[in-house]
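Me: Got a minute to go through this one with me? I'd like to start with the strands.

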Amino acid sequence: MPDIIIRNGTIVDGTGAPSFQADLAVSGDRIEAIGALNGAQAPKVIDASGQVVCPGIIDVHSHADMSIYREDHHDLLEPLVRQGITTFIGGNCGMSLAPIGGRHPDLIQQYLEAFTAFDFSKAVQWKSTAEFIDTLESRGVIMNCAMLCPHGLLRIDAQGFEGRPARDDEIAAMSRALEESMEQGCVGLSTGLQYFPGLKSETRELVELGRVLKKYDGVFASHIRSYSNTMPLAVDEVVEVARANDINAQISHIFFVPDFGFVAPVLRKLVIWLAALSKRWTPPIPLDIDIAKQLKKLDDLRAQGTNVLMDVMPTTTGFTHLLAFFPPWALQGSLDDVKTRLADPEIRKRILHSITKGKMIWPHLEDDAWTLNLFKVMGWTCCRIMSVVSEKNKHLEGRSLVEIARERGVHPLDAACDLLLEEDCKVLVFESMAEPEDGFTERSTFAPVKHPETPITTDTILMGFGKPSYLFYATYPKFFGRYVREKKMLDMETAVRKVTGLPAKHFHLKGRGELKAGNFADILVFNPETIAPRATFTQPIAFPQGIGHVFINGAHVVEGGAMHKQERRGRVLRRA
């Protein structure tokens, strides 16, 4: 006798095949059968008439690994499960919590504390990837997770905070550390090539690390160097790593912000005006042409056997560390070195010159030439405070940098430097070209959102403080509600495959991502007519509507409007 029967649902199995009406039986942690189970009995029977029954969602770009080790992570990560996510890929952007042993654990500690704002000595009780995974398994996790090995940590351990290309012996040390982490369960390698220290790597370093991934069928996931005019070259770099080693690759959270050059101030004002106009009427101007060209390039490459995917957040408002807006030369060395520069009035003038006069060229070998100068391409108005750590500045969360500068009577750069110093450099920010979530710049996301080979992702940063992105509560309800139901950009079968079967196959997650007998019972049941977000940018903390049930490894973790937090039935998915 099965434990659970879900009756009369519309089965969308995650393969892209046509949906069909059937019953589904769960026994233990597995799907026992799918079909007409009229005579079957079970202790729990769910009527899913009019509901979609599909695999649980797999979020391929998340930073939930930065909090899933915590005893209270069931509260922090509840918004993910409540929107249907049953598995996430962590360790993205070249950053994670392991490995942290080796030559420079003190520098890795500084690097991680600037982002996480936690007390490293109290929080982290492990060194190796194996010890980190063992810690998660011993404490229990509310959802499945797989880990990428973080290139940033490998690089710091190999050469400290030196801002230069790696020597052969340092590449060899990184390769050994990567091999060890792959042996211990990682599913691939992630890079943060826009950020220090990844931005100082050369393509040859990445290709060499790809040779290790080849041995383990690992995935190369990359926050690329540029999401602006040199984006095609940044995409080509990932393609080179994948093609040279015959491995799968993943380009993280694709977006595009053009460099308008000397007419940028005028065109930014036009964009802001058109974004405001979109509250009443959205001009049908295509803004996704550049990304569409890259998607076509990847389509052609896949036809030739080079498997590189992109993923996308369904939003116009990104989020990152405030230091990501600064020129790379200003971020070299220790955290104390960075703070010393930020406090120096003369160096601030040099930073301002780099931002206003620097060129976004490839490669980024000169001090004032880096590949994503966000303040230059998006303007000072693009930045809003996401989180700080001190109580005295909590009132600044959600406010724009320009507004803060005006209140303080300083230039926006000075406001940014002062805030970083006040917060020990622990400041996360939102960035958007116009008002967050406007209907005009949203058009820049359409090509990847509707592309059948582009997974949807949250880029989750749920740390328990600050103003969260509404995506952490609403990514997939927005995707199914706005883009599938309302805009009809995709049919339901294609949409479900994008967030289930496709990522499971790409990241080699065996027994996940498809509904079929014998697979793990990660299941989502939702109402296709009502699924929608309740969260907004200004009011981000709100659970979605239309989610009926979520099962993780057969455990019924979401039922109606309630979540059973005591069910820690997730698993760490080690490399097969």
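Reply: Sure. This is a predicted model. Strand E17 (residues 547-552) pairs with E18 in the antiparallel sense, over 4 bridges.

Me: Which residue in E18 is the bridge partner of Phe551?
Reply: His556.

Me: And what sits between the strands in the hairpin of E17 and E18?
Reply: There are 2 residues between them. Asn553 is in that loop. Its phi is near 50°, a positive value in a residue other than glycine.

Me: Is Asn553 buried or exposed?
Reply: Asn553 is buried, at a relative accessible area of 0%.

Me: Where does E18 go next?
Reply: Into another hairpin, with E19, again with 2 residues between the strands. E18 and E19 (residues 562-563) run antiparallel and are joined by 2 bridges. Glu559 stands opposite Ala562 in E19. In the turn, Gly560 has a positive phi of about 65°.

Me: How many residues of E18 are buried?
Reply: 4 of the 5 in E18 (residues 555-559), so the strand is mostly covered.

Me: Back to Asn553. What about Arg512, which touches Asn553?
Reply: Arg512 lies in the loop between helix H20 (501-506) and strand E16 (523-526). Its contacts beyond four places in sequence include Asn553, Asp522, Arg571 and Ile58.

Me: Why does Arg512 count as buried?
Reply: Because its relative accessible area is 7%, and the cut-off for buried is under 20%.

Me: Any other positive phi, say at Asp424?
Reply: Yes, phi of Asp424 is near 55°. Asp424 is in the loop between helix H16 (412-422) and strand E15 (428-431). At 28% relative accessibility, Asp424 is partly exposed.

Me: New topic: cis peptides. Where are Pro99 and Pro197?
Reply: Both are in loops. Pro99 is between strand E7 (85-90) and helix H3 (105-116). A cis bond joins Ala98 to Pro99, with omega about 0°. Pro197 falls between strand E9 (188-192) and helix H8 (203-216). The bond from Phe196 to Pro197 is cis too, with omega near 5°.

Me: Last one, pockets. What volume does the second largest pocket have?
Reply: About 440 Å³. It is lined by 23 residues, and the closest to its centre are Glu437, Tyr470, Lys478, Thr536 and Phe537.

Me: Which helix gives the largest share of that lining?
Reply: Helix H18 (residues 471-486), with 5 residues.

Me: And by class, what is in the lining of that pocket?
Reply: 8 nonpolar, 7 polar and 8 charged residues.

Key
Residues numbered from 1 in each chain as written. Predicted model: local features only at pLDDT ≥ 70, side-chain atom pairs only at ≥ 80, totals over all residues. Heavy atoms only, no water. 1 Å grid on protein atoms, 1.4 Å probe; cavity = no way out; pocket = protein on both sides within 12 Å on 5 of 7 lines; lining within 4 Å. Points joined across faces, edges and corners; volume = space filled by probe spheres on them. Nonpolar A, V, L, I, M, F, W, Y, C, P; charged D, E, K, R; others polar. Buried < 20%, exposed > 50% of the residue type's maximum accessible area, 1.4 Å probe, protein only. Pairing = 2+ DSSP bridges. Contact = heavy atoms within 4.5 Å.
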